[in-house]
Amino acid sequence: IIAAASYPGRLEFWDARTGKRLHVFSLAAELFSELRFSPDGKRLALACSDARVRLWDVESEGVTRELKLPPSRQPGDSGRSWFEGLAWSPDGRFVVASRRENGIWMWEAEAGKEIWHGARQGTVAFSPDGKTLVSGGFDQCLTFQNAATGAVRFTRKEERHAIDGIAFSPDGHSLATCHHSGAVYLRDPKTGEVRKTLKGHKEVAWSISFSPDSKWLVSSGCEGTVRVWEVSTGAEVLCRKGHEGWVLQADFGPDGRTILSSSQDLTALLWSLRPSTEGRGKRPLETLWANLAGEPAKAYRAIWEMADDPQVTSDFLRKKIAPVKIDVAERRVRTLLSDLDSDDFGKRESA
């Protein structure tokens with residue numbers, strides 16, 4: 001399911017497989033500045049221009065909860081609220097919203113109970129374990145907070161222009177930010193220290209999103225492009241062009257094979273991540289094998305081409321890659337296999 005919102009208070013649902021519009025609803029608020037599905041896809045959070053976050057039940061097709069913020073007291077305010085950030089906790093229990101005039105607010109979604117609020121601003125993102133909330137915006141600061149209490153752990157001052165997007169990789173190994181300068185940074189998820197700089201967008205980079213397997217990152221920008229990056233190298237492997245306006249949002253689909261982007265040109269586009277093979281015949285597996293060790297963009301194309309014929313490719317790879325001989329006691333192996341299902345992240349990671 002794809003959810004799309006537009007002025008005035010129009011909420012639409014589309015079938016992602018067929019492109020068919022399923023339902024259209026009208027809500028009381030004029031504008032929706034942010035909308036996010038819960039992790040299980042059963043609820044949709046809508047950050048609305050009347051200073052409310054509405055929770056929409058996908059199955060019953062209606063608003064089940066309204067989370068209200070205080071009205072703005074800013075001079076010359078139009079009366080419309082514009083939210084800079086909206087996020088669900090990984091377990092779907094909590095909703096966090098950020099509005100420049102009011103700061104950051106967290107609620108328990110089911111009961112609508114306020115948990116905490118603080119005088120921070122900008123876009124927001126939860127760490128995969130739900131214990132840390134990171135925020136940042138026009139203050140050019142990355143703030144790491146205790147998600148449960150809102151207590152600030154530390155703030156990292158950035159001299160890299162305003163922060164427009166923040167995202168943790170699902171595996172917790174990377175933190176990404178995108179900026180008004182057009183730069184995208186891959187960072188240490190615990191300290192915020194920059195590890196890699198991804199250069200491609202000429203102006204503002206509006207949004208970022210990791211693939212479900214954490215191997216790829218997608219970003220969108222002012223020049224109307226959607227760019228896919230290899231996380232391990234920071235190299236661009238694919239660029240999609242099709243929007244006529246700023247691409248304000250781009251997100252990976254749950255299967256990791258598609259990207260959904262939306263633009264000021266009033267279109268949403270669903271992209272395949274498979275590179276075009278137009279004008280190119282089927283290449284020998286030996287050529288594709290050599291490309292796997294080459295530059296990231298060539299390796300990316302080779303992966304997709306090899307996936308076209310999985311049986312033949314599997315037979316080919318078995319001849320190229322010898323099974324690893326594990327010189328470990330059987331009891332130790334059984335313990336490691338058991339630890340892969342541990343509730344403790346460190347123990348799982350170690351195993």
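The following dialogue examines how several descriptions of this predicted model are justified.

Visitor: Why are helix 1 and helix 3 called oblique to each other?

Guide: The axes of helix 1 (residues 285-292) and helix 3 (residues 310-320) cross at roughly 60° and come within 11 Å. Angles under 35 degrees count as roughly parallel, and 65 to 115 as roughly perpendicular. The crossing angle belongs to neither class, nor is it over 145, and the two helices are therefore oblique to each other. The crossing itself is right-handed.

Visitor: Which residues make the contact between helix 1 and helix 3?

Guide: Helix 1 contributes Leu285, Glu286 and Trp289, while helix 3 contributes Val312, Thr313, Phe316, Leu317 and Lys320. By class, the residues of this contact divide into 5 nonpolar, 1 polar and 2 charged.

Visitor: Why are helix 1 and helix 2 described as oblique?

Guide: The axes of helix 1 and helix 2 (residues 296-307) cross at roughly 140°, coming within 8 Å. An angle must be over 145 to count as roughly antiparallel, and the roughly perpendicular range is 65 to 115. The crossing angle satisfies neither condition, and helix 1 and helix 2 are therefore oblique to each other. Helix 1 passes helix 2 in a left-handed crossing.

Visitor: What makes up the contact between helix 1 and helix 2?

Guide: On helix 1 the residues are Leu285, Leu288, Asn291 and Leu292; on helix 2 they are Lys298, Ala299, Ala302, Ile303, Glu305 and Met306. This contact divides into 7 nonpolar, 1 polar and 2 charged residues. Leu285 also takes part in the contact of helix 1 with helix 3.

Visitor: How do you know that Leu55 is buried rather than exposed?

Guide: Buried means under 20% relative accessible area. Leu55 has a value of 1%, and is therefore buried. This residue lies in strand 6. Leaving aside neighbours within four places in sequence, Leu55 is in contact with Leu44, Ala45, Gly62, Val63, Thr64, Arg65, Leu67, Trp88, Val95 and Ala109. Leu55 and Val95 are 40 residues apart along the chain, and their C-alpha atoms are separated by 9.5 Å.

Visitor: Which residues touch the most other members of the largest nonpolar core?

Guide: That core has 15 residues, and Val53, Leu55, Leu86, Val95 and Trp107 touch the most other members. Two or more residues come from each of strand 5 (43-48), strand 6 (52-57), strand 8 (83-88), strand 9 (94-99) and strand 10 (103-108). Strand 8 gives the most, with 3 residues. Val95 touches, among others, Val53, Leu55, Leu86 and Trp107, when residues up to four places away in sequence are not counted. A second, separate core has 14 residues, including Val226, Val228, Val247 and Trp304.

Visitor: Why is Thr177 called buried?

Guide: Thr177 has a relative accessible area of 0%, which is under the 20% cut-off, and it therefore counts as buried. Thr177 is found in strand 17 (residues 175-179). Its contacts beyond four places in sequence include Leu142, Ile163, Ile166, Tyr185 and Ile208.

Visitor: What makes Phe168 count as buried?

Guide: The relative accessibility of Phe168 is 12%, again under 20%, so Phe168 counts as buried. Phe168 is placed in strand 16 (residues 163-168). Among its contacts beyond four places in sequence are Phe126, Pro128, Val134, Leu175, Pro189 and Phe210.

Visitor: What is notable about phi of Ala51 and of Gln140?

Guide: Phi of Ala51 is near 65°, a positive value in a residue other than glycine. Phi of Gln140 is near 55°, likewise positive in a residue other than glycine. Ala51 is in the loop between strand 5 and strand 6. Gln140 is in the loop between strand 13 (132-136) and strand 14 (141-146).

Visitor: Why is Ala51 called buried, and why is Gln140 called partly exposed?

Guide: At 6% relative accessibility, Ala51 falls under 20% and therefore counts as buried. Gln140 has a relative accessible area of 26%; exposed requires over 50% and buried under 20%, so Gln140 is partly exposed.

Visitor: Where does Pro8 lie, and what is the form of the peptide bond from Tyr7 to Pro8?

Guide: Pro8 is in the loop between strand 1 (2-6) and strand 2 (10-14). The peptide bond from Tyr7 to Pro8 is cis, with omega near -10°.

How values were computed
Residues numbered from 1 in each chain as written. Predicted model: local features only at pLDDT ≥ 70, side-chain atom pairs only at ≥ 80, totals over all residues. Heavy atoms only, no water. Axes fitted to C-alpha atoms, helices over the stretch in contact; angles between N-to-C directions. Helix = DSSP H or I, 4+ residues; strand = E, 2+ residues; numbered from the N terminus. Left-handed = near helix turned anticlockwise from the far one by under 90°. Contact = heavy atoms within 4.5 Å. Nonpolar A, V, L, I, M, F, W, Y, C, P; charged D, E, K, R; others polar. Core = buried A, V, L, I, M, F, W, Y, C linked by side-chain atoms within 4.5 Å. Buried < 20%, exposed > 50% of the residue type's maximum accessible area, 1.4 Å probe, protein only.
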